[in-house]
Every structure is written in C-alpha cells, then in structure tokens.
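The following exercises invite the reader to examine a protein model step by step. Each task is followed by a worked solution.

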Amino acid sequence: MQFRLRPLYDLGAYGAALCLCLICTLITAQILGRLTDMAAEQLGLDSLGLAIPGLSDISGFLLVGASFLGLAYTFVNGGHIRVTLLIGNLPPKIRVFIELWCLSLALLLASYLAFFEYRLLADSIAFNETSYGLVPIPLWIPQGVMLVGTLLFCLALLEAWVSTLVIALTRPTTFQVDDSGHE
C-alpha cells in the first residue's frame with residue numbers, strides 16, 4: 001500500500017523520537033546530579049541539590065507523547081500486532097472485505113478516542129487545569145500531543161481504508177497482504 005501522507009506520519013515519528021530522547025536526557029541529568037551530590041557529600045561538602053523536580057511527571061507526559069505520536073508511523077510500517085491466522089488463508093476476494101471491516105472498526109474506535117480527547121483538551125483549557133505534581137504543568141500540553149497523535153493515526157487508517165475500498169470495489173481478486181499487514 002502506498003501511503004501518500006507518509007511524510008506527515010514520519011513527522012509524528014520524529015516527534016515520538018524527540019520525546020524519547022528528552023526522557024533519556026532528563027534521566028541522565030538526574031543520575032549525574034545525584035552522583036555529583038553523592039561525591040560532594042563524600043568529600044565533606046554540602047549537597048548541591050542537583051535534582052530535577054517533577055521528573056517522573058515530565059517523563060510520564062513525554063512517554064505519552066512518544067506513544068501517541070508514533071501510532072501512525074507504526075501503523076503504516078506494519079509495526080502493530082496483527083492476528084491473520086483466520087483470514088490469512090481466505091481467498092483474496094473475501095479477505096479484502098474482512099480487511100475493510102477491520103479497518104472500519106479501527107477507524108471508528110480511533111475517531112471515538114480522538115473525539116473524547118478533544119473534549120478533554122477543551123475542558124483542560126477552559127478550566128486551566130494543571131498536573132498535581134511538584135511542577136504544575138498545564139494539562140493541555142500532553143493532551144494536545146495525544147490528540148495530534150490520535151488524529152495522525154485516524155488519517156493513516158482513513159488512507160488505508162480508502163485504498164482498500166478502491167481495491168474491494170474494482171479488483172478484489174488481486175488483494176494481497178504483505179508481511180507488514182498492508183496491501
């Protein structure tokens with residue numbers, strides 16, 4: 001399957017990678033800070049207090065960003081788990097319609113998720129909600145990233161759905177699914 005919006009999905013993957021790199025950087029800085037504090041105490045000096053407040057909250061929000069921003073990229077590259085045991089041996093003419101049904105269900109569920117993420121985001125903005133951790137982070141930031149990732153995933157599902165529908169209606173006997181789970 002040829003995804004025409006692949007550069008957009010790749011952009012989401014870069015965002016996910018950036019989130020993971022930030023997690024790694026923050027945790028490394030925290031470890032180095034603790035080691036520096038321990039070394040200072042061993043030398044009889046005062047602790048420097050080199051800790052990052054709210055690191056677990058920030059890392060958790062970055063992990064959410066990495067997870068959601070990577071959804072579309074993972075889908076278009078066949079990285080999501082697919083159970084094809086039942087439909088793998090069906091004739092292409094039947095398998096294309098089952099694939100279309102599965103994509104429809106996935107698109108419906110992802111759209112439902114995006115709708116309620118949007119409502120959650122709107123509430124967080126309206127009520128100026130922040131996290132409860134040591135560092136009050138506006139909740140619209142991680143929720144906005146979640147919504148962007150889910151919308152990218154919906155777009156990828158829609159693109160796959162349209163492509164599969166065209167095959168189902170024009171040439172269903174030619175439908176083939178490769179190892180990545182795409183036609």
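**Exercise 1. Cysteines**

Determine how many disulfides are counted in this predicted model, and examine Cys-21 and Cys-102.

Solution. A disulfide requires two cysteine sulfur atoms within 2.5 Å, and by this rule the count comes to 0. For Cys-21, the nearest cysteine sulfur belongs to Cys-24 and lies 7.0 Å away, and Cys-21 is in no disulfide. For Cys-102, the nearest cysteine sulfur is that of Cys-154, at 17 Å, and Cys-102 is likewise in no disulfide.

The next step concerns accessibility, where the partly exposed class lies between the limits of 20% and 50%. Cys-21 has a relative accessibility of 47%, so this residue counts as partly exposed. The value for Cys-102 is 35%, and Cys-102 therefore counts as partly exposed.

**Exercise 2. Two helices**

Describe how helix α1 is placed against helix α5, and state which residues meet.

Solution. Two packed helices are described by the angle between their axes and the distance between the axes. Helix α1 comprises residues 6–42, and helix α5 comprises residues 140–170. Their axes come within 10 Å and cross at roughly 150 degrees. Angles over 145 degrees count as roughly antiparallel, and α1 and α5 are therefore roughly antiparallel to each other. The crossing in which α1 passes α5 is left-handed.

The residues may now be named. From α1, Leu-8, Tyr-9 and Gly-12 take part; they meet Leu-152, Leu-155, Ala-156 and Glu-159 of α5. Sorted by class, this contact has 5 nonpolar residues, 1 polar residue and 1 charged residue.

**Exercise 3. Gln-143**

Is Gln-143 buried or exposed, and which residues does Gln-143 touch?

Solution. Gln-143 is located in helix α5. The limit for a buried residue is under 20% relative accessible area; Gln-143 has 10% relative accessibility and therefore counts as buried. When residues up to four places away in sequence are left aside, Gln-143 touches Leu-120, Leu-121 and Ser-124.

**Exercise 4. Phe-127**

Locate Phe-127, classify its accessibility, and give its separation from Gln-30.

Solution. Phe-127 belongs to the loop between α4, which spans 92–126, and α5. An exposed residue has over 50% relative accessible area; the value for Phe-127 is 62%, so Phe-127 is exposed. In sequence, Phe-127 and Gln-30 are 97 residues apart, and their C-alpha atoms are 32 Å apart in space.

Definitions and conventions:
Residues numbered from 1 in each chain as written. Predicted model: local features only at pLDDT ≥ 70, side-chain atom pairs only at ≥ 80, totals over all residues. Heavy atoms only, no water. Helix = DSSP H or I, 4+ residues; strand = E, 2+ residues; numbered from the N terminus. Buried < 20%, exposed > 50% of the residue type's maximum accessible area, 1.4 Å probe, protein only. Contact = heavy atoms within 4.5 Å. Axes fitted to C-alpha atoms, helices over the stretch in contact; angles between N-to-C directions. Parallel < 35°, antiparallel > 145°, perpendicular 65-115°, else oblique. Left-handed = near helix turned anticlockwise from the far one by under 90°. Nonpolar A, V, L, I, M, F, W, Y, C, P; charged D, E, K, R; others polar.
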